Amino acid sequence: MTIQEPLGRDIIAAARARGRRSLDEAAGKELLARYGVCSPRSALARDAADAEARARGMRAPFVVKVVSPDILHKSDAGGVALGLDGADAVRAAVEAMAIKPEIAAVVIDGWLVEEMIPSGREIVIGGIQDPQFGPMLMVGLGGIFVEVLKDVAFRLCPIDAADARAMLRELRGFALLGDIRGEAAVDEEALVQAMVRIGGPGGFLMALGDDVAELDLNPVIVSASGLMAADARVILTERENRPVSKPEKAESGDPLIEFKPLFEPRTVAVLGASTKDVAIANTFIRRLKDFGFSGAIYPIHPSAEEIEGLKAYPSLGETPEAVDYAYVAVGAGRIPDVLAAAKGRCRIAQVISSGFGEVAEGRALQDDLVAGARAGGLRVLGPNCLGTYSPRGCLTFPSDAPRELGRIGVVSQSGGLSTDIIKRGQWRGLRFSGLVTIGNSADVEPHELVAYYLADEQTKAIGVYIEDIKRGRAFFDLLRGAQPTKPVVILRGGRSAQGRLAAASHTGALAGDGRAWEALAAQLPVALVDTVDEFIDVLLALQHLDLRPEKPTKNVALFGNGGGSSVLGTDIFASMGLDVAPFGEAAREPLEALGLPPGTSVVNPIDTPVRTLQEKDGWVAGEILDIVYRNAKPDVVAMHLNLAAFVGRGAIDPVGNLFKVIEQTQAKWPGIAHFALALRTDGSPELDESRRHYREKARKIGVPVFDEIPAMARALATIAHLERRLRSRDTSAPLG
């Protein structure tokens, strides 16, 4: 079967043959026309006389633009004339522009004469090759909105019509495309179709992505009768800077098979343990034993007979059984040969040692490490990492990590941060299906482990700490694939070091590093967070709450003690896009009929002083919740308690009973509302310890606990975002 060349490759080849790094406007518009994007009738003239002659065969008014490989921004050079009312005016305009200093000093290919487009709204449509994720589409309002306000939206390609419509509605100025002061609304469908022709499957950016670095259609004039591109700027890629394809990896194709030896190893080899000192590898062996690992442990040492009470072996290729997982903490220079010596008898090695690609002088050694792994027939995690934590496999690198098997899978490029995530998560009630540190990701890359967690029945949600995604396009394709999708929470490091892409267009200037990640989160069930605390908060919510794409979280019943806290909490939820709206009569009347003590408000937020919560030894909260669940039917009940307010307020501490109330209410009203709890303290050791005690109670009944109302609001807003993204994947569900 003959492979068909993408449309327009000949136009690009002709430009490259002339040594051009961009297409002239006429060529750019011809190229776009092949993808169904219309532009005004035009002709390329040699000089002023030719421009006059060509204009006589066209319809006024006219636009004339200079065409030069040395002039990218024509308006800045004075190379654009608008509203010319006849052929004579066209000639005069060319003559006037030709003598301007910035034009007279460069090579001129000609003058583009165009019929002027009727008035309409100005839009900018752009595209760019993101260095990590590949083709990315931009749309925004033109003129001042893109120049000053930067009112734009991005998506990773390919997009579909639903993505295009979502991009338009993301614009702050979207209303300007509708009926305004008697001017008819634009043809939104024509705009959507143009965006899909540029960024959709088989569209301009997907077909020509290897050759097009940046695309800028600015402005695109959209009216009630259709769309037309007034200007087209196409920047070509520099061939010498194209990324080199990586060699194929020895992947099984089934991540559950590929990484089972990592998460459930039966045999573990340890390289780097000492007979004299307590090295990091010795510590690993001790922690492995303490954690309850019952399989065989094989220390690897060139000369020792025994290490940590275990018989040692000279190499990975000489152990009694094949090795599932090897922990490697020897000198960097020895590691390529150590891995090659496995002779196909080791499945996965995790290289803790540093001195590789994280420093300039170690990059060649990192290549040698990968080559050694290939020769030895194994996959490598790292180098420059800390290890793997897997409760199901009794594998750990931090001390005293929780042994309970949880539902949260984590991939992290930072070892030290991973210890924070495990230990801080432990105290917050987070439990893990696994956590893998991958450091430099020389071989196994982040998306491969995410693929494992997506396929793993034990894992409910996935957290990723990332600095270098390695293959962003593979990551994107994985998450938008047909496999049932689990939510992914991303904490991204190194953002300030990424800088901006080289900008030869408005699109390039606006497409900073973060835009691709924002697009990823806008298109997929992915949430971006900024801190470790927020990372843990969201994963904790996902651990306990079952996402409801059919009913994305919006309406909040806020219930707690502290009037000011309730008022501030209402504002915080509103700022996050969630509503704490007053209850209707159906809920308010039975709540008022309870005859609660003075100072209680049941309008929403429900403000219950300590005296109220002490009613019936705290069981009154169950009566309140029953009415809220039955009559108000919120999407989430967000309870907040100031523990300090209960100190010295009588013999009755209702908080303990509240957990029984919450458990009973959730069982009585399944699927009605999420439940989240903020337990606030005054910072005293006594109350902080009390909160820790209550957190464990909450974990056992499936309730996420937060330190403050703002943290709870942020986590619930993220839950809402993930539910909306999951809903949008179901094409049978109407978008709300």
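The legends below describe an overall view and several close-ups of a predicted model.

**Figure 1. Overall view of the predicted protein, with 27 helices and 29 strands.** The chain has 736 residues, of which 55% count as buried. Along the principal axes, the C-alpha atoms fill a box of roughly 95 × 80 × 45 Å. The accessible surface comes to about 30500 Å², and carbon and sulfur atoms account for 51% of that area. Among contacts between residues at least 6 apart in sequence, 73% join residues at least 24 apart.

**Figure 2. Close-up of Tyr298 and Tyr313, one of the 11 aromatic pairs found in the whole structure.** The ring centres of Tyr298 and Tyr313 are 5.5 Å apart and the ring planes meet at 90°, so the pair is edge-to-face. An angle over 60 degrees is what that class requires. Tyr298 belongs to strand 13 (residues 296-300), whereas Tyr313 lies in the loop between strand 15 (310-311) and strand 16 (323-328). The two residues are 15 residues apart, and their pair links distant parts of the chain. Tyr298 is buried, at 7% relative accessible area. Tyr313 also counts as buried, with a relative accessibility of 14%. The ring of Tyr313 has a further partner: the charged end of Lys311 sits over this ring, 5.3 Å from its centre.

**Figure 3. Close-up of the edge-to-face pair formed by Tyr389 and Phe432.** The distance is 6.0 Å centre to centre, with 75° between the planes. Tyr389 is in strand 19 (residues 388-389) and Phe432 in strand 21 (residues 432-437), so parts of the chain 43 residues apart in sequence are tied together by this pair. Tyr389 is buried, with 0% relative accessible area. Phe432 is likewise buried, and its value is 0%.

**Figure 4. Close-up of further ring contacts, including a cluster of Phe263, Tyr452 and Tyr453.** Ring pairs link the three residues of this cluster. In another part of the view, a cationic side chain meets an aromatic ring: the charged end of Arg692 sits over the ring of Trp427, at 4.2 Å from the ring centre.

**Figure 5. Close-up of the largest nonpolar core, which has 57 residues.** The members that touch the most others are Phe133, Leu262, Leu449, Phe475, Ile490 and Leu520. Leaving aside residues up to four places away in sequence, Ile490 touches Val464, Ile466, Phe475, Trp517, Leu520, Val526, Ala527, Leu528 and Val529. Another core, of 49 residues, lies apart from the largest one and has Tyr389, Ala461, Ala711 and Ala720 among its members. In soluble globular proteins, nonpolar side chains tend to be buried together.

**Figure 6. Close-up of Cys38 and Cys346 in a structure that holds zero disulfides.** Cys38 is in no disulfide, and the nearest cysteine sulfur to it, in Cys157, is 20 Å away. Cys38 counts as partly exposed, at 44% relative accessibility. For Cys346 the closest cysteine sulfur is that of Cys385, and the distance of 14 Å is too far for a bond. A disulfide would need the two sulfur atoms within 2.5 Å. Cys346 is buried, with a relative accessible area of 1%.

Methods:
Residues are numbered from 1 along each chain as its sequence is written. This is a predicted model: local features need pLDDT of at least 70, side-chain atom pairs count only at pLDDT 80 or more; totals for chains, interfaces and linings use all residues. Side-chain values use heavy atoms; hydrogens and water are left out. Rings of Phe, Tyr and Trp (its six-membered ring) pair if their centres lie within 6.5 Å; planes under 30 degrees apart count as stacked, over 60 as edge-to-face and the rest as tilted. Helices (H or I, at least four residues) and strands (E, at least two) are DSSP runs, numbered from the N terminus. Buried means under 20% relative accessible area, exposed over 50%, partly exposed in between (1.4 Å probe, protein chains only). A charge sits over a ring if NZ of Lys or CZ of Arg is within 6 Å of the ring centre and within 35 degrees of the ring normal. A nonpolar core is a set of buried Ala, Val, Leu, Ile, Met, Phe, Trp, Tyr and Cys residues joined through side-chain atoms within 4.5 Å. Contact means heavy atoms within 4.5 Å. Accessible areas come from the Shrake-Rupley method with a 1.4 Å probe; for residues, only the protein chains shown count as cover.
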